[in-house]
Structure formats: structure tokens, C-alpha cells
Amino acid sequence: MARVLTPRAEDFPRWYQDLIAKAKLADNGPVRGTMVIRPAGYAIWERMQAEMDARIKAAGAENAYFPLFIPESYLKREAEHVEGFSPELAVVTHGGGKQLAEPVVVRPTSETVIGEFMAKWIDSYRDLPLLLNQWANVVRWELRPRIFLRTSEFLWQEGHTAHATREDARAYARRILHEAYEDLMVNVLGIPVVVGLKTARERFAGATATYTCEGMMGDGKALQLGTSHELGQNFAKAFDISYSSAEGGREHAWTTSWGTSTRMLGGLIMAHGDDNGLRVPPKLAPVQAYVMVVKAGEGVGEAAVKLRDALRDAGVRVALDDRTDTPFGRRAVDAELRGHPVRVEVGPRDLAAGNAVVVRRTDGSKAPTPVADVVGAVLAALEADQKALHDQALAHRESRTVEVATLTEAIEAAATGWARVPWSAVGVAGEAEANGQGVTVRCLLRADGSVPDSEDEPDLVAILARAY
């Protein structure tokens with residue numbers, strides 16, 4: 001296959017940009033830092049959205065929608081929150097040709113506006129828990145934008161909940177972390193993630209605890225794929241989210257927030273892509289099987305249609321490419337770039353022998369297959385390749401992760417991958433030193449790999465890496 005992309009080993013950032021452009025996933029928007037998500041990219045996002053939405057609803061949350069514009073005064077009520085977001089805010093000062101009486105912020109996240117309405121809607125302990133989610137766009141003015149990874153406007157879901165006790169809030173924040181986020185990333189996106197606790201330095205502004213899912217990308221860097229936050233009573237006190245308890249007293253609620261975004265698309269590209277383009281895990285792929293007419297005539301078109309229909313009837317998401325006025329080689333390259341898990345190539349020569357060719361994107365294998373056996377072969381390939389992509393990503397992560405004993409060793413290791421180091425060997429001062437060299441503490445884990453409640457627990461392990 002002719003070289004279409006810059007090889008990953010030669011220039012990983014250029015490969016990433018090449019892939020997005022050549023696979024027609026997205027383009028830069030007219031305002032610096034914005035992006036246009038093209039149909040091929042948006043189709044993948046829609047699949048992510050549907051899978052995530054189902055998991056969020058299974059956890060009991062309901063979808064709602066809140067305004068894009070937030071009064072500036074709302075953000076100022078929670079001092080740590082506004083301080084954390086201040087450099088990234090887009091503020092509207094004029095509307096309808098007149099200066100506004102109060103500036104409004106284009107939402108960077110919605111804790112403040114949702115907090116205002118939680119206070120309005122919650123009166124009694126019987127109103128709790130209140131479990132809300134919204135699918136929306138947000139704006140954070142990025143200085144160094146990169147499509148899907150950091151853009152001034154991006155798409156996401158953000159969940160916001162209120163609970164009667166700290167224990168209930170913590171349990172729900174962790175339920176979303178594991179049952180929605182980790183499950184989706186591992187079992188659908190095929191990205192093995194390390195799930196842990198953020199340090200105080202890396203914590204979400206206004207939170208009391210931030211939990212994260214961290215994935216390793218093809219170049220050994222880390223990408224934060226989703227976070228879930230315990231907000232304590234910080235926002236509840238700022239917005240008077242309170243309720244009458246069963247005992248008749250007035251109590252402040254305990255709140256959480258959690259979010260994942262189109263950044264997952266960037267993670268998908270960098271975790272699974274190769275020098276030929278994107279590789280989309282079968283469970284996620286908008287098109288799982290791509291039936292291609294190699295050359296028209298001799299019953300090829302009719303056979304291809306029958307195969308498409310048989311695959312669709314078997315529950316496979318399938319598309320037919322019968323554009324024989326476009327050279328087959330060009331169409332095959334495009335299919336490789338898009339990362340369709342399986343191609344079924346139907347040509348006169350193979351069909352004369354009673355076969356079609358089943359091509360697997362994950363390993364590039366091509367197998368002439370009796371037409372009657374194609375559906376079974378495709379189903380088997382989809383199942384095997386979902387596991388193969390996850391296992392390859394896991395093996396890559398394990399090969400690029402080292403156990404070290406000191407901060408100096410951890411910073412050195414972060415040049416090529418991840419370091420696992422005792423948190424006691426890093427600490428707050430060591431974290432600041434690492435940050436000065438472009439290395440961050442991605443998360444903290446217990447020795448058994450579980451998620452700690454606090455960074456003050458003994459014997460914690462820190463994951464250090466360079467990150468996007």
C-alpha cells in the first residue's frame with residue numbers, strides 16, 4: 001500500500017494530524033481552536049454517545065438540558081471554581097448591540113447553573129438523590145489547541161448529582177467511574193485504562209476528590225479519558241442546595257459531577273491507529289463490515305448486495321461500496337484509513353470460484369472464503385478483533401511501564417512511557433519538581449490497584465507520565 005500517512009515512528013503528532021485529515025474525521029474550524037467534526041468522525045462519536053448514554057441511564061441518571069450562557073456572578077460564588085477556570089473563560093459583554101448589565105460566561109462546565117436549579121428543585125430528603133446528565137458543548141479557551149484533544153469548543157456529557165450523605169455521593173461518583181466510564185473504555189473502546197485518584201494539585205477546581213481513567217497512547221504518553229468528582233458540600237453551600245432531613249432539620253446536600261468528551265475520539269485514534277490509518281474496535285464501529293465490489297459485471301454486484309443483506313440480517317452494521325467508477329485501490333486505501341474492522345471484497349475471479357475475500361483491519365489478513373461461510377467468518381473476526389485490539393493496547397502499556405523507586409528515575413522513565421513509583425518518594429514537593437520538567441502525576445493507586453479515598457493513605461503508588 002502506498003504511503004499515505006507520516007509513519008508514527010517518524011513523527012507521531014504529524015501522523016495524528018495526517019490521519020484525521022486523510023480519514024476525513026474532522027477539520028479545523030474558522031475560529032482558532034475550534035473544530036468541524038465531519039460525518040466519518042461524528043458517526044464514531046454517535047456510537048460512543050449511545051453506549052455512554054445507556055450506561056448513564058442504567059445508573060439511574062436522567063438527561064436534561066441547561067443554558068449555554070451562565071451569569072458571571074454564579075461562577076464567583078464558588079471561589080476555587082472560578083479561580084480554576086478563569087484563564088479559560090469566554091465572556092460575553094455585549095448582546096443585541098448593547099452592553100449587558102452583567103457579563104455572561106459561555107459554559108466551561110455547568111456546576112454553577114445546575115447548582116442554582118438543584119437548590120430550587122430540592123426541598124426534602126424525599127427529593128434525593130437527584131441524578132442529572134446533559135449532553136452539550138462547552139467552551140474553554142485553549143492556548144495550544146489540537147483537534148479532539150484540546151479545542152476551545154468540544155462536545156461532552158456532564159453529570160451532576162445531589163445526595164443526602166457524603167457516603168452516597170462517593171458511592172455514586174465511583175459507580176459512574178467504574179460502571180459507565182471504565183466499562184465503556186475497556187469493553188467498547190478497547191482501551192485499557194488505569195483508574196485512580198488525582199492528587200490535590202491535579203484535582204478539579206472546587207472538588208474534594210477527583211477520580212480518573214488514564215489511557216496510554218501509541219507514543220507512551222497518557223491521556224485523561226474521563227473524570228468523576230466528589231464536590232463535597234462546596235457547591236451546595238455556595239448555592240444553598242439544602243433539604244429537610246427525616247428528623248426535621250435543614251441539611252446541605254453532597255454533590256458530584258462527572259464528564260467524558262470528544263477527547264475519547266483522540267484517544268481512540270492514538271491508542272489503536274497504525275501507519276495505515278484508524279483501527280476501530282468492532283463493538284464501537286459505525287460500519288463493522290464493508291462490502292466492496294471490486295469490479296462490475298458477471299453477477300458481482302448482485303452477489304455483493306446479497307452478502308450485505310445477509311450480514312445485516314445477522315445483526316452486523318454493514319455498508320456496501322459499489323462505486324466501480326472509482327479505482328478499487330483508492331477505495332481500499334480509504335477503507336483502511338477509516339478503520340472498518342472487516343472488508344468483504346467481491347470480485348469476478350473470486351466469485352467464479354465461489355468465494356469472497358474477507359480482509360481483517362486489525363492484522364491485515366486476507367482470506368478467500370466460500371460465499372456461504374462469509375457471515376460466520378465476519379462474526380468470528382469481529383469478536384476476535386475486539387479482544388485483539390484491547391490485548392495489543394494492554395501489552396503496549398505493560399511494555400512501556402516501569403517500576404522505579406525514586407522521583408529522578410520516574411522522570412527519566414516518563415520520557416518513553418509511564419513510571420510506577422511510591423507516592424511517598426514523590427510527595428507534594430516532588431510533584432511540583434516533576435511538573436517543572438513536563439511530567440505529571442496521572443493518578444494514585446493502592447498497592448492492590450484499587451482506588452484510594454485519599455492521597456494521605458499509606459503505601460500508595462503514583463503513576464507519572466508526560467500527557468496530552
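Buried here means under 20% relative accessible area, with exposed over 50% and partly exposed in between (1.4 Å probe, protein chains only). Helices (H or I, at least four residues) and strands (E, at least two) are DSSP runs, numbered from the N terminus. With that in hand, take helix α8, residues 263–272: ten of its ten residues are buried. Among them are R263, M264, L265 and H272.

A quick word on provenance. This is a predicted model, where local features need pLDDT of at least 70 and side-chain atom pairs count only at pLDDT 80 or more, while totals for chains, interfaces and linings use all residues. Residues are numbered from 1 along each chain as its sequence is written, and side-chain values use heavy atoms, with hydrogens and water left out.

**The whole chain**

The protein has 14 helices and 23 strands. Its radius of gyration (over C-alpha atoms) is 25 Å, close to the 23 Å from the globule rule (2.2 Å times the number of residues to the power 0.38), so for 468 residues it is as compact as a globular protein of that length. Along the principal axes, the C-alpha atoms fill a box of roughly 80 × 55 × 50 Å. Of the 468 residues, 54% count as buried. The accessible surface (Shrake-Rupley, 1.4 Å probe; for residues, only the protein chains shown count as cover) is about 20,000 Å², and 50% of that belongs to carbon and sulfur atoms. Looking at contacts (heavy atoms within 4.5 Å) between residues at least 6 apart in sequence, 69% join residues at least 24 apart.

**The annotated stretch**

An unreviewed UniProt entry places "domain: Aminoacyl-transfer RNA synthetases class-II family profile" at residues 32–281; positions follow the numbering used here, feature names are shortened, and annotations may be inferred rather than shown by experiment. Over residues 32–281 the chain is 32% helix and 32% strand, with the end C-alpha atoms 31 Å apart.

Strand β8 (residues 153–163) is mostly covered, with nine of its eleven residues buried. Two strands pair if DSSP finds at least two bridges between them, and β8 pairs with both β7 and β14. These pairings sit in the table with two others.

| Strand pair | Sense | Bridges |
|---|---|---|
| β7 (residues 130–139) and β8 | antiparallel | ten |
| β8 and β14 (residues 254–261) | antiparallel | eight |
| β5 and β6 (residues 98–106) | antiparallel | five |
| β15 (residues 289–293) and β17 (residues 342–346) | parallel | five |

For a register check, L132 has H160 in β8 as its bridge partner, and H163 has W254 in β14.

There's also an open antiparallel sheet of three strands, ordered β4-β6-β5. β4 (69–71) and β5 (90–95) are at the edges with a single partner strand each, so one side of each has no neighbour in the sheet. Within β6, V106 is the bridge partner of A90.

**The five-stranded sheet**

Another open sheet, this one with mixed pairing, runs β16-β15-β17-β18-β19. The edges are β16 (318–321) and β19 (366–370); each has a single partner strand, so one side of each is left without a neighbour in the sheet. From one strand to the next, the twist averages 25° (axes are lines fitted to C-alpha atoms, for helices over the stretch in contact, and angles run from 0 to 180 degrees between N-to-C directions). V293 has V346 in β17 as its bridge partner.

Helix α9 (residues 300–313) packs on this sheet, touching β15, β16, β17 and β18 (355–360), and its direction makes about 170° with that of β15. Helix α12 (residues 374–399) packs on the sheet too, touching β15, β17, β18 and β19, at about 155° to the direction of β17.
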